[in-house]
Amino acid sequence: MRTNGAAAGQAVIADRPVGLPPGPRTPRAVQLLSWLPRPLQFLEDCHARYGEIFTIHIRASKPWVFISNPEHIKRVFTADTDVVLAGAENALMLGPYVGRASTIILDGAAHMRRRKLVLPPFHGARVKTYGETVVDVVRREIDTWPVGEPFSLLPGMGNITLEVIMRAVFGVTEEDHVQRLGARLHKVLEDNTDHRFVARLVFRGAESVERNARFRRAMDPVDEMLLEEVRRRRADPDVDQHDDVLAMLIQARYEDGSQMSDEELRDEIKTLLVAGHDTTTATLTWVFERLLRHPDKLQRIQDELRAGEDSGYIDAVIQETMRLRPSVMAAMRRITEPLELGGYTLPAGTSVYVSIYLTHRRADIYPEPESFRPERFMERAPGTYTWLPFGGGVRRCIGAAFAMYEMRKVIETIVREADLRAVDPRPEGIARGWVTFIPDKGTRVVMNARRRPDTAGAPAQSSTPASTPTSTPA
């Protein structure tokens with residue numbers, strides 16, 4: 001047996017034949033057609049039939065091995081970063097959208113070097129400096145919602161998260177600039193989410209997508225606009241007087257004193273706009289889909305806000321929502337050497353997918369896994385290898401702290417200032433978005449009343465008759 005040394009002992013080449021776990025034996029095209037419309041159901045079916053480690057074949061080249069055992073996940077997340085690559089695998093699905101210079105596409109030393117540069121603006125007390133901006137953005141969005149008429153929360157949550165990124169993270173304040181970039185970004189995502197386009201991305205690879213004329217017509221204007229913004233800010237003689245993320249990244253220096261190039265800065269911005277915006281939007285939409293069907297949970301938040309208490313319950317609601325309705329399906333890795341995992345020695349080149357969805361539904365970790373019970377995270381903190389919305393290991397999401405803080409402020413503001421009820425008390429289903437999974441009706445609600453900030457603690461004055469939401473066992 002050979003290992004990669006004590007420090008990287010998790011990556012083991014075992015003295016056994018190299019092989020793959022069991023999985024469907026149907027042709028790749030058949031598996032792809034089964035996976036595309038209902039990927040979560042496909043994974044559940046495979047898990048039920050083959051167990052906690054299984055193989056599917058939907059790409060033209062390498063197989064995908066899915067895992068959901070925390071010990072297997074720990075082995076993958078703590079393996080030598082030269083043996084288990086995240087960037088190379090992320091590039092297959094995200095490369096065309098975030099750019100080849102993005103942190104999430106890099107591996108090894110290059111990834112760690114960039115990560116050190118990009119991480120500081122998203123951690124510590126700095127994230128709290130954006131609180132007033134978030135509240136202001138949410139209030140202006142609430143002002144656009146109709147009273148007494150059904151509407152979907154999903155577009156509004158998208159407006160909030162995009163504007164927060166544009167204003168708080170990138171220092172963009174011009175209204176028309178925000179709207180133009182937002183419109184172009186939405187076009188990229190909307191034009192490239194249908195099953196045929198996703199099938200092309202998965203089956204033929206990222207390079208095929210990047211050369212696609214339709215994709216280029218949508219993405220090129222976004223690239224040009226972002227580069228223009230980077231160059232404008234870099235040329236600003238007062239850039240060192242600003243504390244937004246873009247200004248900080250422009251001023252950041254590698255250990256050798258060099259700066260990120262314009263293209264590198266552009267791709268970091270795209271990563272936050274495309275990946276961070278989309279995932280936070282999905283989670284916030286799910287939070288209210290869940291809360292409005294569990295009025296006791298919503299009431300607890302209202303009571304704590306009215307009393308000025310902070311027990312951490314809102315964070316627990318976010319954590320439980322991200323457990324039960326994770327916005328992404330898996331954390332992706334590719335192995336460069338044979339890796340022993342779950343009794344199998346996976347061959348080099350295999351894609352290993354840490355299944356967030358299946359791990360979060362393990363009854364041995366989460367009793368009554370289908371139940372929405374935020375209290376479980378009040379009783380026990382999320383586990384490193386059992387709660388995975390932000391990934392794990394050295395690849396854990398850089399923006400995790402910012403996202404949690406932003407979502408908490410959004411929830412507080414909406415609960416205080418908008419009296420919402422669900423249009424239908426039955427749970428909404430799970431639908432595929434772009435890289436995220438969203439409520440299939442976008443969380444349909446009715447706003448009974450809009451509360452003024454100075455009376456947010458008082459009972460709502462409904463302008464339409466309010467119906468009592470019904471709790472459902474989901």
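β4 and β10 run parallel, with 4 bridges joining them. Strands here are DSSP runs of E with at least two residues; helices are runs of H or I with at least four; both are numbered from the N terminus. The model is predicted: local features need pLDDT of at least 70, side-chain atom pairs count only at pLDDT 80 or more, and totals for chains, interfaces and linings use all residues. Numbering starts from 1 along each chain as its sequence is written, and side-chain values use heavy atoms, without hydrogens or water.

**Exercise 1. The sheet**

Work out the strand order of the open sheet of 5 strands, and find which strands stand at its edges.

Solution.
Step 1. Read the order: β3-β4-β10-β7-β5. Two strands pair if DSSP finds at least two bridges between them. The pairing in this sheet is mixed.
Step 2. Find the ends. β3 (53-56) and β5 (84-85) each have a single partner strand, so each has one side without a neighbour in the sheet.
Step 3. Check the join between β3 and β4. These strands run antiparallel, with 4 bridges between them. Ile53 has Ile67 of β4 as its bridge partner. Thr55 faces Val65 in β4.
Step 4. Cross to β10. There, Ile67 is bridged to Val354. Ile67 thus has bridge partners in both directions: Ile53 and Val354.

**Exercise 2. Side chains of β4**

Sort the side chains of β4 by the way they point, and say whether they are buried or exposed.

Solution.
Step 1. Recall the general pattern. Along a regular strand, side chains take the two faces of the sheet in turn.
Step 2. Apply it. Trp64 and Phe66 point one way, and Val65 and Ile67 point the other way.
Step 3. Check burial. All four residues are buried, where buried means under 20% relative accessible area, exposed means over 50%, and partly exposed lies in between (1.4 Å probe, protein chains only).

**Exercise 3. Helices on the sheet**

Find which strands helix α2 touches and which strands helix α4 lies across.

Solution.
Step 1. Return to the edge pair: β3 is joined to β4 by 4 bridges. Helix α2 (residues 39-50) packs on this sheet and touches β3, β4 and β10 (351-355). Contact means heavy atoms within 4.5 Å.
Step 2. Take the angle. The direction of α2 makes about 125° with that of β3. Axes are lines fitted to C-alpha atoms, for helices over the stretch in contact, and angles run from 0 to 180 degrees between N-to-C directions.
Step 3. Turn to α4 (residues 87-98). This helix lies across β4, β5, β7 (330-335) and β10. Relative to β7, α4 runs at about 125°.

**Exercise 4. Aromatic pairs**

Count the aromatic pairs, then describe the pair of Trp35 and Trp64.

Solution.
Step 1. Count: there are 12 aromatic pairs. Rings of Phe, Tyr and Trp (its six-membered ring) pair if their centres lie within 6.5 Å; planes under 30 degrees apart are stacked, over 60 edge-to-face, the rest tilted.
Step 2. Take Trp35 and Trp64. Their centres are 5.6 Å apart, with 85° between the planes, and the pair is edge-to-face.
Step 3. Place them. Trp35 is in helix α1 (residues 28-35) and Trp64 in strand β4 (residues 64-67), so the pair ties together parts 29 residues apart in sequence. Both Trp35 and Trp64 are buried.
Step 4. Compare another pair. Phe122 and Phe402 have ring centres 6.3 Å apart and planes at 85°, so this pair is edge-to-face. Phe122 sits in the loop between α5 (108-118) and α6 (131-142) and Phe402 in helix α18 (residues 400-417), so the pair links parts 280 residues apart in sequence. Phe122 is buried at 2% relative accessibility, and Phe402 is buried at 7%.
Step 5. Widen the view. Trp35 and Trp64 belong to one aromatic cluster with Phe54, Phe66 and Tyr353.

**Exercise 5. Gln302**

Locate Gln302 and list its contacts beyond four places in sequence.

Solution.
Step 1. Gln302 is part of helix α14 (residues 295-307).
Step 2. Its relative accessibility is 17%, so Gln302 counts as buried.
Step 3. Leaving aside neighbours within four places, Gln302 contacts Val415 and Arg451.
Step 4. Compare sequence and space. Gln302 and Arg416 are 114 residues apart along the chain, while 7.2 Å separates their C-alpha atoms.
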